[in-house]
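Work through the exercises below with the sequence and the structure at hand. Try each task before reading its solution.

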Amino acid sequence: MIYRFNYEKLVGAVDDKGMTSSEVAASLDIPERHYLLKLCNCEEFTMEEISILADQILEISPEEIPEYFFCREM
């Protein structure tokens with residue numbers, strides 16, 4: 001079974017930081033298109049990308065990561 005994840009909290013947090021999708025993609029060293037595909041569940045975030053987002057962009061603790069990246073869609 002393939003899970004679909006809800007990234008609303010991630011998108012909201014990135015928005016709160018005042019960053020655009022192209023800026024986030026540049027921070028991840030991926031094309032903006034791939035970042036957007038990840039947000040719509042067409043591609044998966046790698047552990048390295050999650051780590052960069054959590055540490056450098058969102059500035060959240062490891063315990064908070066599941067709230068942003070592993071919240072399943074109903």
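A salt bridge is counted here when a side-chain nitrogen of Lys or Arg lies within 4 Å of a carboxyl oxygen of Asp or Glu. The model is predicted.

**Exercise 1. Salt bridges**

Task: State how many salt bridges the rule gives. Then describe the pair formed by Arg 4 and Glu 73.

Solution.
Step 1. The rule gives a count of four salt bridges.
Step 2. In one of them, the side chains of Arg 4 and Glu 73 meet at 3.3 Å, N to O, which is within the 4 Å limit.
Step 3. Arg 4 belongs to the segment before helix 1 and Glu 73 to the segment after helix 5, so this pair ties together parts that are 69 residues apart in sequence.
Step 4. Arg 4 has 43% relative accessibility and therefore counts as partly exposed. Glu 73, at 37%, also counts as partly exposed.

**Exercise 2. A bridge between two helices**

Task: Find which parts of the chain are tied together by Lys 9 and Glu 67.

Solution.
Step 1. The side chains of Lys 9 and Glu 67 form a salt bridge of 2.6 Å, N to O.
Step 2. Because Lys 9 lies in helix 1 and Glu 67 in helix 5, the pair ties together parts that are 58 residues apart in sequence.
Step 3. With 39% relative accessibility, Lys 9 is partly exposed; Glu 67, with 40%, is partly exposed as well.

**Exercise 3. A bridge between two loops**

Task: Locate Glu 59 and Lys 17 in the chain, and decide whether Glu 59 is buried or exposed.

Solution.
Step 1. The side chains of Glu 59 and Lys 17 meet in a salt bridge of 3.1 Å, N to O.
Step 2. Glu 59 sits in the loop between helix 4 and helix 5, and Lys 17 in the loop between helix 1 and helix 2; the two are 42 residues apart.
Step 3. Exposed means over 50% relative accessible area. Glu 59 has 59% relative accessibility, so Glu 59 counts as exposed. Lys 17, at 40%, is partly exposed.
Step 4. Glu 59 follows helix 4 and has a positive phi, near 55°.

**Exercise 4. The two sides of helix 1**

Task: Say which residues of helix 1 are buried, and why they are on the same side.

Solution.
Step 1. Helix 1 spans residues 8–16, and its buried residues are Leu 10, Ala 13 and Val 14.
Step 2. These residues cover an arc of only 100° around the axis, so they lie on the same side of helix 1.
Step 3. The face turned away from the buried side carries the exposed residues Glu 8, Asp 15 and Asp 16.
Step 4. The cover over the buried residues includes helix 2 (21–28), helix 3 (32–39), helix 4 (47–58) and helix 5 (65–69).
Step 5. Just after helix 1, Gly 18 has a positive phi of about 75°.

**Exercise 5. Helix 3 and helix 4**

Task: List the buried residues of helix 3 and of helix 4, with the helices that each set packs against.

Solution.
Step 1. In helix 3, Tyr 35, Leu 37 and Lys 38 are buried. Their arc around the axis is only 160°, which puts them on the same side of helix 3.
Step 2. The buried residues of helix 3 pack against helix 1, helix 2 and helix 4.
Step 3. Just after helix 3, Asn 41 has a positive phi of about 65°.
Step 4. In helix 4, the buried residues are Glu 49, Ile 50, Ile 52, Leu 53, Ala 54, Ile 57 and Leu 58.
Step 5. The buried residues of helix 4 pack against helix 1, helix 2, helix 3 and helix 5.

Definitions and conventions. Residues numbered from 1 in each chain as written. Predicted model: local features only at pLDDT ≥ 70, side-chain atom pairs only at ≥ 80, totals over all residues. Heavy atoms only, no water. Buried < 20%, exposed > 50% of the residue type's maximum accessible area, 1.4 Å probe, protein only. Helix = DSSP H or I, 4+ residues; strand = E, 2+ residues; numbered from the N terminus. Arc of directions from axis to C-beta. Contact = heavy atoms within 4.5 Å.
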